[in-house]
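Reader: I would like a close look at a single part of this protein, the aromatic cluster in its interior, together with whatever is needed to place that part in its surroundings. Could you take me through it slowly, in one connected account?

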Amino acid sequence: MKKFSFGFLLGALALVVLVGCGRGSDDEVHAFFDDIARGNRSEASARFSPELHKKFSESTLDDAVTNWTKEFLAHGGLKEIEVSGGVISYNKIALYDVVLTYRDGKTRMFKTTLIHADNNWYINTAL
């Protein structure tokens with residue numbers, strides 16, 4: 001009986017750790033789109049991964065955020081963000097399905113990936 005209890009405890013702890021890791025990454029997806037919806041463009045751009053900041057100019061990343069802003073405005077704003085999936089590999093990469101619902105009722109579905117670096121989750125793609 002003790003072996004079963006110990007094994008159950010280890011399994012439960014592992015699940016809590018995995019759920020905790022996932023929660024941080026899906027919170028980052030919500031925060032990214034909330035920043036854009038609120039007009040916090042610089043905060044949204046700061047959520048892009050360090051790799052994207054090295055690969056692209058700040059102006060290119062700002063343009064990407066501006067394009068999202070224009071899309072939100074064209075549909076009357078952002079109403080809801082739904083995030084599902086959260087497949088996390090080695091606590092380094094997370095893949096999500098995202099559905100954005102706009103105030104005019106239209107939706108946009110896509111996948112996004114996040115990477116874990118420096119104890120934080122960062123948007124790596126949002127296409």
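Author: What follows starts with the chain as a whole, turns to the aromatic residues, and ends with the charged and polar pairs.

The model is a predicted one, and its secondary structure comes to 4 helices and 4 strands, which run α-α-α-α-β-β-β-β from the N terminus on. Of the 127 residues in the protein, 34% count as buried, while the accessible surface comes to about 8,000 Å², with 59% of that area belonging to carbon and sulfur atoms. When contacts between residues at least 6 apart in sequence are considered, 47% of them join residues at least 24 apart.

The part you ask about is one aromatic cluster, formed by F32, F33, F48, W68, F72, Y102 and F110. The count of aromatic pairs comes to 8. A pair of aromatic rings is described by the distance of the centres and the angle of the planes. For F33 and F110 the centres lie 5.7 Å apart and the planes stand at 65°, so this pair is edge-to-face. Because F33 lies in helix α1 and F110 in strand β3, the pair ties together parts of the chain that are 77 residues apart in sequence. F33 counts as buried because its relative accessibility is 1%, and F110 counts as buried too, at a relative accessibility of 8%. F110 also pairs with W68, and here the arrangement is tilted, with 5.4 Å from centre to centre and 45° between the planes. Since W68 lies in helix α4 and F110 in strand β3, this second pair ties together parts that are 42 residues apart in sequence. Both W68 and F110 are buried.

The aromatic residues can next be set against the nonpolar core. The largest nonpolar core has 22 residues, and those that touch the most other members are F33, I36, W68, F72, V98 and L100. The elements that give two or more residues to this core are α1, α4, β1 (78–89), β2, β3 and β4 (120–126), and β2 gives the most, with 5 residues. L100 shows how the core and the aromatic residues meet: leaving aside neighbours within four places in sequence, L100 is in contact with F33, W68, F72 and F110, among others. The other contacts of L100 include L78, E80 and I81, as well as K106, T107 and R108.

R108 leads on to the charged pairs. A search of the whole structure finds 4 salt bridges. In one of them, E71 pairs with R108, and the closest N and O atoms are 2.6 Å apart. This pair links distant parts of the chain, with E71 in helix α4 (residues 58–74) and R108 in strand β3 (residues 107–117), 37 residues apart. E71 is partly exposed, at a relative accessible area of 22%, and R108 is likewise partly exposed, at 26%.

Strand β3 takes part in a further salt bridge, in which the side chains of K111 and D97 meet at 2.6 Å, N to O. K111 lies in strand β3 and D97 in strand β2 (residues 93–102), so the pair ties together parts that are 14 residues apart in sequence. K111 is partly exposed at 48% relative accessibility, and D97 is partly exposed at 34%.

Helix α1 has its own charged partner. D35 forms a salt bridge with R47, the closest N and O atoms being 2.7 Å apart; D35 is in helix α1 (residues 2–37) and R47 in the loop between α2 and α3, 12 residues apart. R47 counts as partly exposed at 22% relative accessibility, whereas D35 counts as buried at 8%. These two residues belong with E28 to a network of salt bridges.

The loop between α2 (41–46) and α3 (50–55) also holds S49. S49 is buried, with a relative accessible area of 0%, and the side chains of S49 and N124 are joined by a polar contact of 2.6 Å. Not counting residues up to four places away in sequence, S49 touches I115, Y122 and I123 as well as N124.

Notes: Residues are numbered from 1 along each chain as its sequence is written. This is a predicted model: local features need pLDDT of at least 70, side-chain atom pairs count only at pLDDT 80 or more; totals for chains, interfaces and linings use all residues. Side-chain values use heavy atoms; hydrogens and water are left out. Buried means under 20% relative accessible area, exposed over 50%, partly exposed in between (1.4 Å probe, protein chains only). A polar contact is a pair of N or O atoms within 3.5 Å; within protein, one must be able to donate a hydrogen and the other to accept it, and residues adjacent in sequence count only if both atoms are side-chain atoms. Contact means heavy atoms within 4.5 Å. A nonpolar core is a set of buried Ala, Val, Leu, Ile, Met, Phe, Trp, Tyr and Cys residues joined through side-chain atoms within 4.5 Å. Accessible areas come from the Shrake-Rupley method with a 1.4 Å probe; for residues, only the protein chains shown count as cover. Rings of Phe, Tyr and Trp (its six-membered ring) pair if their centres lie within 6.5 Å; planes under 30 degrees apart count as stacked, over 60 as edge-to-face and the rest as tilted.
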